[in-house]
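Morning, everyone. I have one structure to go through today, and I will keep to what can be read from it. Please have a look at it first.

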Amino acid sequence: MDLCTSTPKKERTRKTNWSPDETKYLVELYKEHANLLKGSFNTAGVTHKAKQEAWEHIASHLHESYSDGKRTVKDCQKRWPSVQSDAKARIAKYKQAVKGTGMNMTNFVSGETKLVTPNQTWA
């Protein structure tokens, strides 16, 4: 293959970052379908098709509310583990602050960080 005659690569455009409001809405939509999305395939009514339809519902509602950056099913599925990871990190930080292991509660809340209690669930 001649390198001079190869077709030029398409420029990849980057999607906008997830806004805090958009992420919060993703969490709310996920909660509506949590039993299905977290359910095992052994459970009655939990099929791959049902899970895919739930993710499609989430993506379409996100697009309706935040049309500036269309989020696909794949985008939503990719974002969800990140949301869970962030929540777990905040909960761990909160527990560390409560135990008093080198962290002051006044230092815990900074900027727009929302305080998450250990009993609060994201899904």
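**A walk through the helices**

I will start in helix 3, where the buried residues are Ala50, Lys51, Ala54, Trp55, Ile58, Ala59 and Leu62. Before going further, note that this is a predicted model, and every value I give is computed from it.

What covers those residues? The cover for the buried residues of helix 3 includes helix 1, helix 2, which is residues 34–38, and helix 4, which is residues 73–99. As for its own dimensions, helix 3 is 18 residues long, and its first and last C-alpha atoms are 26 Å apart, close to the expected 26 Å.

Now a step back to the whole chain. The protein chain has five helices and zero strands, so from the N terminus the order of elements reads α-α-α-α-α. The chain has 123 residues, and 28% of them count as buried. The exposed area is about 9300 Å², with 51% of that supplied by carbon and sulfur atoms. If we take contacts between residues at least 6 apart in sequence, 55% of them join residues at least 24 apart.

Next, one pair of helices. Helix 1 covers residues 20–32 and helix 3 covers residues 48–65; the two pack at an angle of about 145°, and their axes are 10 Å apart. Their crossing is right-handed. Which residues meet there? From helix 1 we have Glu22, Tyr25, Leu26, Leu29, Tyr30 and Glu32, and from helix 3 we have Trp55, His57, Ile58, His61, Leu62 and Ser65. By type, the residues of this contact are seven nonpolar, three polar and two charged.

Let me pick one residue out of that contact. Tyr25 sits in helix 1. Setting aside neighbours within four places in sequence, Tyr25 is in contact with His61, Leu62, Ser65 and Tyr66. Tyr25 and His61 are 36 residues apart along the chain, yet their C-alpha atoms are separated by 9.0 Å.

Thr23 is also a residue of helix 1. Is Thr23 buried or exposed? Its relative accessibility is 12%, so Thr23 counts as buried. The cut-off for buried is under 20%. Again leaving out neighbours within four places in sequence, Thr23 is in contact with Trp18, Arg79 and Val83.

Both Arg79 and Val83 are on the list of buried residues in helix 4, which also has Val73, Asp75, Cys76, Trp80, Ala87, Ile91, Tyr94 and Ala97. How far should helix 4 reach? It has 27 residues, and at 1.5 Å a residue they should span 39 Å; the end C-alpha atoms are 40 Å apart, so the two values agree. Just after helix 4 comes Gly100, with a positive phi of about 80°.

One last residue, back in helix 3: Glu53. Glu53 has 44% relative accessibility and therefore counts as partly exposed. Between Glu53 and Val73 there are 9.5 Å in space, C-alpha to C-alpha, and the two are 20 residues apart in sequence. Val73 itself is one of the buried residues of helix 4.

That is the end of my part.

Note on methods
Residues are numbered from 1 along each chain as its sequence is written. This is a predicted model: local features need pLDDT of at least 70, side-chain atom pairs count only at pLDDT 80 or more; totals for chains, interfaces and linings use all residues. Side-chain values use heavy atoms; hydrogens and water are left out. Axes are lines fitted to C-alpha atoms, for helices over the stretch in contact, and angles run from 0 to 180 degrees between N-to-C directions. Helices (H or I, at least four residues) and strands (E, at least two) are DSSP runs, numbered from the N terminus. A crossing is left-handed if the near helix is turned anticlockwise from the far one by less than a right angle, and right-handed if clockwise. Contact means heavy atoms within 4.5 Å. Ala, Val, Leu, Ile, Met, Phe, Trp, Tyr, Cys and Pro count as nonpolar, Asp, Glu, Lys and Arg as charged, and the others, Gly among them, as polar. Buried means under 20% relative accessible area, exposed over 50%, partly exposed in between (1.4 Å probe, protein chains only). Accessible areas come from the Shrake-Rupley method with a 1.4 Å probe; for residues, only the protein chains shown count as cover. The expected span of a helix is 1.5 Å times one less than its number of residues.
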